[in-house]
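Could you walk me through this fold at the level of helices and individual residues? I'd like to know what packs against what, and where the backbone does something unusual.

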Amino acid sequence: MRAVLPTRDDVERSNIPSLGQLADPQPAAGEVLVRVRATALNRADLLQIRGLYPPPPGESKVPGLECSGEIEVVGEDVDSWQPGDRVMALLAGGGQAEKVVVPTGQLMPIPEGLDFREAAALPEVALTAWTNLVAEGRLQTRQSVLITAAASGVGSFAVQLARELGARVLVAGRSMERLERLRPLGAEACLPLNNNLPRAVRAILDGPGVDLVIELAGGPGLSERLAALRSRGRLVLVGILGGAGAELDLGDILRRRLRITGSVLRARSRQEKARLVSDFWSFAEERLVDQRLRPVVHKVYPFDEIADAYAQLERGGVFGKLVIEI
Ligand SMILES: NC(=O)c1ccc[n+]([C@@H]2O[C@H](COP(=O)([O-])OP(=O)(O)OC[C@H]3O[C@@H](n4cnc5c(N)ncnc54)[C@H](OP(=O)(O)O)[C@@H]3O)[C@@H](O)[C@H]2O)c1
């Protein structure tokens, strides 16, 4: 099969993915082999091809955290899926290839109305948004959430999901133009990331602060986002695009009993991913069918041009997801 080749330790690491031939993977018990029709890029892929973000032990070394396609072969003990089923999948790796093996707990049927390109853009962002808004963030109806770097793939889905959970949604980022595109998806207010954020948040909510921050940006501005929380508010740290360092007022965290949770999806066990996928699907299936929830696709590239897609992700200026048609 054609695939983005795994990064090797014995050759110079590159920012450019290289395509080549690999043996087809074989599904074990509880897994299926998917003929990939489309996959989508994630920030993690940029790190992985540089050798900075290895896959969890035992998982495919080919990059690619999500895909859509058709089941070609089912492994032993698989009776809930058949060859020919149209599926989308959350992956620990392997999506940037013509074929990938997927544990059944990480499969979802493609809802009517979504094509392969849109379906490929959904699993990683949807499950990251679900995990952090619901499982980690405990967002409740009528609570408020502030999402940073919200024009990202994850952010553009998290805004819709938070709206469907019945929350008030505030978004912050560097490009006001891209943030404004989140209003039709459910954003009530669009705020510049580093310009007196706590005051702006309190003015909009007409209250003591936001209940939950979904932090996709990280970096030195984290202290401002903590200051925007109400007492006993929660911040879930999901991304550190703006840097891994920040100076925090520990006295404020202590006095106001703030909670900060770090969260990664890829490293979770297959069992935990299966639980998250199942919970997400129970909530989202009907909303995907009637299109209240939709993945946001910025651009689709053919597989041969995957290096251009990586370069575009690196350059930025993207609203939503970059999809690769295989
Ligand atoms: N923890 C997990 O399990 C998990 C899972 C998936 C993703 N993530 C993380 O979530 C974040 C979003 O991922 P994604 O794939 O959705 O990203 P993406 O689509 O590539 O979007 C990146 C976004 O981040 C913004 N950005 C870039 N550099 C920034 C900086 N220095 N300060 C503030 N904003 C910055 C960009 O804003 P502009 O529009 O201003 O360029 C853009 O909106 C990433 O940090 C990613 O690593 C974490």
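Below is a short tour, going from helix pairs to single helices to single residues.

One thing to keep in mind throughout is that this is a predicted model.

Let's start with helix packing. Two packed helices are described by the angle between their axes and the distance between the axes. Take helix H3, residues 123-136, and helix H4, residues 153-164: their axes come within 8 Å and cross at roughly 55°. An angle of 65 to 115 degrees would count as roughly perpendicular and one under 35 as roughly parallel, and H3 and H4 are therefore oblique to each other. As for the hand of the crossing of H3 and H4, it is right-handed. On the H3 side, the contact is made by Val 125, Ala 126, Thr 128, Ala 129, Trp 130 and Leu 133. H4 answers with Gly 153, Val 154, Phe 157, Ala 158, Leu 161 and Ala 162. Sort the residues in this contact of H3 with H4 by class and you get 10 nonpolar, 2 polar and no charged ones.

H4 has another partner in helix H9, residues 270-289. Here the axes come within 12 Å and cross at roughly 90°, which makes H4 roughly perpendicular to H9. From H4, the residues involved are Phe 157, Leu 161 and Glu 164, and they meet Phe 280, Phe 283 and Arg 287 of H9. In this contact of H4 with H9, 4 residues are nonpolar, none is polar and 2 are charged. Phe 157 and Leu 161 turn up in the contact with H3 and also in the contact with H9.

While we're on H9, have a look at Trp 281, which sits in that helix. Is Trp 281 buried or exposed? Its relative accessibility is 14%, so Trp 281 counts as buried. Setting aside residues up to four places away in sequence, Trp 281 touches Met 88, Met 108, Pro 109, Pro 111 and Leu 288. Leu 127 is worth finding too: Trp 281 and Leu 127 are 154 residues apart in sequence, yet their C-alpha atoms are 9.5 Å apart in space.

Now for two helices with a clear inside. In helix H6, residues 197-205, the buried residues are Leu 197, Pro 198, Val 201 and Leu 205. Looking down the axis of H6, you'd see these buried residues fall within an arc of 100°, so they line one face of the helix. Turned away from that buried side are the exposed residues Arg 199 and Ala 203. What do the buried residues of H6 pack against? Their partners are strand S8 (144-148), strand S9 (168-173), strand S10 (189-192), strand S11 (210-215) and helix H7 (222-227). Just past the end of H6, Asp 206 takes a positive phi of about 50°.

Helix H10, residues 306-315, can be read in a similar way, with Ile 306, Ala 309, Tyr 310, Gln 312 and Leu 313 buried. These residues cover an arc of only 160° around the axis, which puts them on the same side of H10. Their cover includes strand S1 (2-4), strand S2 (19-21), helix H1 (43-49), strand S14 (297-302) and strand S15 (321-325). Just after H10 comes Gly 316, with a positive phi of about 90°.

For a buried spot outside the helices, go to Gly 95, in the loop between strand S5 (86-90) and strand S6 (99-103). With a relative accessible area of 0%, Gly 95 is buried. Leaving out neighbours within four places in sequence, Gly 95 is in contact with Val 36, Thr 39, Pro 63, Gly 64, Glu 66, Val 100 and Ile 326. Gly 95 and Val 34 are 61 residues apart in sequence and 9.6 Å apart in space, C-alpha to C-alpha.

Last stop: backbone angles. Most residues other than glycine have a negative phi. Arg 232, in strand S12 (residues 229-237), has a positive phi near 65°. At 45% relative accessibility, Arg 232 counts as partly exposed. Arg 257 also has a positive phi, near 50°, and is found in the loop between helix H8 (250-255) and strand S13 (259-262). Its relative accessible area is 51%, so Arg 257 is exposed.

Technical notes
Residues numbered from 1 in each chain as written. Predicted model: local features only at pLDDT ≥ 70, side-chain atom pairs only at ≥ 80, totals over all residues. Heavy atoms only, no water. Axes fitted to C-alpha atoms, helices over the stretch in contact; angles between N-to-C directions. Helix = DSSP H or I, 4+ residues; strand = E, 2+ residues; numbered from the N terminus. Parallel < 35°, antiparallel > 145°, perpendicular 65-115°, else oblique. Left-handed = near helix turned anticlockwise from the far one by under 90°. Contact = heavy atoms within 4.5 Å. Nonpolar A, V, L, I, M, F, W, Y, C, P; charged D, E, K, R; others polar. Buried < 20%, exposed > 50% of the residue type's maximum accessible area, 1.4 Å probe, protein only. Arc of directions from axis to C-beta.
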